[in-house]
Amino acid sequence: MSDIDPEQFRIKSEPYYRPVGNEIEQYAAAYDVRMPVMLKGPTGCGKSRFVEYMAWKLQRPLITVACNEDMTASDLIGRFLLDINGTKWQDGPLTIAARIGAICYLDEVVEARQDTTVVIHPLTDHRRQLPLEKKGELVDAHPDFQVVISYNPGYQSMMKDLKQSTKQRFGAMSFDYPQAATEAEIVSHEAGIDLKTAEKLVQVAERSRNLKGHGLDEGMSTRLLVYAGQLISQNIAPPAACQMALVEPLTDDPDMRDTLQAAVQTFFPEVTDSSKVA
């Protein structure tokens with residue numbers, strides 16, 4: 001029995017999420033049978049917000065782990081720590097989630113080393129167990145426990161990809177940027193700007209997404225559009241807001257910046273060179 005209070009991991013208020021298909025029903029069905037779920041899609045398209053929304057809707061605690069290349073198996077499952085009384089075991093986030101019946105969300109899982117991610121295997125098949133070898137304990141997952149992972153297929157490579165033995169333990173859902181009208185509604189709501197301005201920001205983003213693979217690794221995400229909208233809502237002129245939130249974060253290449261700035265200029269014609277930050 002865990003001493004961790006699950007309430008600290010609950011989403012207190014409803015996150016704003018605008019469904020674009022039947023993803024809510026699909027995920028709910030997967031959770032009903034405790035199927036591990038893999039979310040695939042470009043950066044900033046709403047994967048993490050979707051997980052937060054579903055955790056709120058299903059009234060389950062949510063423990064999120066931002067994966068990185070330095071993360072070890074011990075960072076996930078736990079380790080012995082020294083204190084004034086000697087050594088004490090401290091559960092990692094995966095172990096805590098398994099004990100209390102939380103949804104454990106491994107964000108951008110391909111950033112972690114493959115020898116780290118294999119520790120989730122016994123939790124994502126019929127066993128639903130987590131061996132704590134250093135502690136000599138076998139944790140049986142709580143009946144409400146579920147593993148969710150996400151990654152961006154656009155960044156896949158031989159060195160950064162999931163093993164087939166990992167992939168085939170999950171049901172998968174593909175995400176993408178919403179249709180223009182829906183994305184404009186999201187940006188308008190999240191940034192607190194009028195719909196017409198949000199529509200212009202989405203049109204700028206669509207131009208940038210057409211450049212993916214032609215000078216850009218990724219186009220402008222919905223997240224960046226919200227950032228730009230938030231700056232505009234704070235009375236920053238749209239040209240300067242776009243420069244700061246959309247153009248500069250995306251590329252360091254001067255020619256590509258000029259190309260993106262030209263896209264901004266198309267929809268916010270008041271843009272001038274003076275709006276650029278030196």
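For the classes I shall use, Ala, Val, Leu, Ile, Met, Phe, Trp, Tyr, Cys and Pro count as nonpolar, Asp, Glu, Lys and Arg as charged, and the others, Gly among them, as polar. Colleagues, the model before you is predicted, and I shall speak about its two largest pockets in turn.

On those terms, the lining of the largest pocket comprises twelve nonpolar, six polar and ten charged residues. The volume of this pocket is about 550 Å³. Which residues of the lining are closest to its centre? Of the 28 that line the largest pocket, they are Gly44, Cys45, Gly46, Lys47 and Arg49.

Turning to secondary structure, at least two lining residues of the largest pocket come from each of four elements: helix 2 (47–58), strand 5 (103–107), helix 7 (180–191) and helix 9 (222–233). Both domain 1 (6–174) and domain 2 (180–267) contribute to the lining of the largest pocket, with at least three residues from each.

I now move to the second largest pocket, which holds about 210 Å³ of space. Its lining consists of Ala73, Ser74, Ile77, Val119, Pro122, Arg127, Leu130, Pro131, Glu133 and Lys134. By class, six of these residues are nonpolar, one is polar and three are charged.

Which element gives the largest share of the lining of the second largest pocket? That element is helix 3, with three residues. Helix 3 spans 73–77, and strand 6 (129–132) likewise supplies at least two residues of this lining.

How values were computed:
Residues numbered from 1 in each chain as written. Predicted model: local features only at pLDDT ≥ 70, side-chain atom pairs only at ≥ 80, totals over all residues. Heavy atoms only, no water. 1 Å grid on protein atoms, 1.4 Å probe; cavity = no way out; pocket = protein on both sides within 12 Å on 5 of 7 lines; lining within 4 Å. Points joined across faces, edges and corners; volume = space filled by probe spheres on them. Domains from an automatic or database assignment.
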